Structure formats: structure tokens, C-alpha cells
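Me: I would like a close look at one part of this model, with the terms spelled out as you go.

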Amino acid sequence: MKTLPGGRVKLDEEEAYLAVCHKTKRDRPDVRAILEEEKFFDAAARPSTANEWGALRDTIWLGTHAEISGASIMSALRAHLSSLQHDDCCYCGQSLLLGGYSRQLDHVLPASVYGRFSFHFWNLAVACERCNRIKKAAGYQPISLTAQDYPEHGEFAGFFHPRFHPYTDHVRFGLTATQNYCYIVYVGLSKQGKQLVNDVLKAAALEMTRESNDPVIKAAAAKIRTAARTQGPKAQAAMLRFEDAIREAIEAGAA
């Protein structure tokens, strides 16, 4: 029995997904058969190593009661994974907006590089457009390109895997905002978390940040950026001090 951190059982999570694998209940047995045929849970059994994501999305299968599209299967998968993630992006932890464009199915191991895993249950998570775009640009090749079986969580010793690693065990963030100012900082708590911060979240934070002309706030922001680069307990403490400084500045301005 394969387990994940926190005592999660992989087979149980796969069965939980199969119970809701299509929005139409009567079509779920057909979808289960399709997923079995496509080796959705068994990458090593897939006959092709090519990226088949787009082709499968556009495929139409003749079901018992109706036609079943690959797009409808992916839509149900997106809804299930979003629920598991509490409607937060799997990387930045911010709330996901509604709509497929805002809730993108991300290939943890890039489909363009790891074609065998392009249609695999454990290789998919839901990310916001920003994080998905930044991650693609950064590149991500944490395991051998010739791997046949999908890697177990222990093989991601230096890389964050959103389906395997509990987010709060690896990443912490602080967000401070007013009507004319927003600042967010991420701190990696583990080797995997630090990798995610360095490769994705630093760039994401810059896009989310709106600067202030207040000299007190600007000075505090510069200080916290410097401190956060250490990616350790000191950075976490500095992050909390920064939040306190922001609150004090706001209160002083309102007095």
C-alpha cells in the first residue's frame, strides 16, 4: 500500500476521484473505463512517451448513454483537484478565480519534457495563470527523463510537488494590503519549499506587489526583501516584523 505524508493512501485518493470523474453520474462508469484504457494511473503501461494531452482533450468517446469528450473529463478533474486544494493555487496559495483560464491544470513534470506523464493522475494540479506561466518559463526537470513509472514522493527530495507535499509544511507567506498598497513575501521552510520560492514564487510575488510612495513602507519593503533571501527562521521573523511595521505605518498615517 503506497502512502503519502500525513498517512494519506494513494489508492484511496484515486478511488475518491473516480467517484466524481464526470459531472454526469450515469457517465462515470464509462469514464472509469476510458481512464483505465488510457492508463491514467499507470504511466509505465502507456504505449506512447509523447505528449498526448492536447489530443486526449480533443478526443470524443462513444459512451453508453452519450458522447464523452476529453474536455469534459478534464473539467471534472479540475473541479476535483480544486476542491482538494480548497480553491487555492497549488503554488502561490492564493484564491483561484472561477473559469478554466484562471484554474489551469498544471503538469507538475512538464508534459513537453515528460510526455509519458502528460495524462497521469498524480502529475496534475490546479494553478493560477500566473504561477503556471512562470513555472513553464523557469523549466522543471527534477527526475530522469527516461523514467517509466511515476516517481514516488520520496524522489522529489529537492523539488516541491503540490500533490505530494503539504503546502504549509514547506512554504509560508505573509500578505499585507490596503486600498492602494499590496505586498506579499514567501519563505521556504524546507529544501522543496525554497526551490519553489526561488523558481516560481519570487517572480509571482513581484507581479502581485503594488508599491507605495510612503517612504516608511518603501524602506520596510526593501528591508524584508533582503531578509527573506536567507530563506530561514530569520526570514520568517523579519516577515512578521515587516507586517507589524506596515500596520504601524498605516495607523500613524490615519492618526
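Among contacts in the chain between residues at least 6 apart in sequence, what percentage join residues at least 24 apart? Then please concentrate on Y91: leaving aside its neighbours within four places in sequence, which residues is Y91 in contact with?

Reply: This is a predicted model, so local features are given only where pLDDT is at least 70 and side-chain atom pairs count only at pLDDT 80 or more, whereas totals for chains, interfaces and linings use all residues. Residues are numbered from 1 along each chain as its sequence is written, and side-chain values use heavy atoms, with hydrogens and water left out.

To take the chain-wide question, 64% of the contacts between residues at least 6 apart in sequence join residues at least 24 apart, a contact being a pair of residues with heavy atoms within 4.5 Å. The chain holds 9 helices and 8 strands, where helices (H or I, at least four residues) and strands (E, at least two) are DSSP runs numbered from the N terminus. Of its 255 residues, 49% are buried, a label for residues under 20% relative accessible area, with exposed meaning over 50% and partly exposed the range in between, for a 1.4 Å probe and protein chains only.

As for Y91, its contacts beyond four places in sequence are D106, V108, A127, C131, K135, F160, P162, Y167, L196 and L201. Y91 belongs to the largest nonpolar core, which has 54 residues, and with Y17, L35, C131, Y186 and L201 it is among those that touch the most other members; such a core is a set of buried Ala, Val, Leu, Ile, Met, Phe, Trp, Tyr and Cys residues joined through side-chain atoms within 4.5 Å. Among the elements that give two or more residues to this core are α2 (28-37), α5, β6 and β8 (181-188), but the largest share, 7 residues, comes from α7.

One contact of Y91, D106, leads to strand β5 (residues 104-107), where Q104 and D106 point one way, L105 and H107 point the other way, and all are buried. In a regular strand the side chains alternate between the two faces of the sheet. β5 is joined to strand β6 (residues 124-127) by antiparallel pairing over 4 bridges, two strands being paired if DSSP finds at least two bridges between them. Another contact of Y91, A127, is the β6 residue that stands opposite Q104.

Y91 also helps to line the largest cavity, together with K135, Y140, F160, Q195, L196, D199 and V200. On a 1 Å grid over the protein atoms alone, a cavity is a set of points where a 1.4 Å probe fits but cannot get out, while a pocket is an open set with protein on both sides within 12 Å along at least five of seven lines, and lining residues have an atom within 4 Å of a point. The volume of this cavity is about 40 Å³, volume being the space filled by probe spheres set on grid points that are joined across faces, edges and corners. α7 provides the largest share of the cavity lining, 4 residues. By class the lining divides into 5 nonpolar, 1 polar and 2 charged residues, where Ala, Val, Leu, Ile, Met, Phe, Trp, Tyr, Cys and Pro count as nonpolar, Asp, Glu, Lys and Arg as charged, and the others, Gly among them, as polar.

Contacts of Y91 turn up at both of the pockets described here. P162 and Y167, which Y91 contacts, lie with L84, Q85 and H86 nearest the centre of the largest pocket, which is lined by 19 residues and has a volume of about 550 Å³. D106, again a contact of Y91, is with L105, H107, N132 and K136 closest to the centre of the second largest pocket, which 21 residues line and which contains about 360 Å³ of space. The linings comprise 10 nonpolar, 5 polar and 4 charged residues in the largest pocket, and 8 nonpolar, 8 polar and 5 charged in the second largest.

F160, finally, is a contact of Y91 and is touched by H165 along with H153, F156, F159, H170 and Q192, not counting residues up to four places from H165. H165 lies in the loop between α5 and α6, and it counts as buried because its relative accessibility is 7%. The C-alpha atom of H165 is 7.1 Å from that of P5, although the two are 160 residues apart along the chain.
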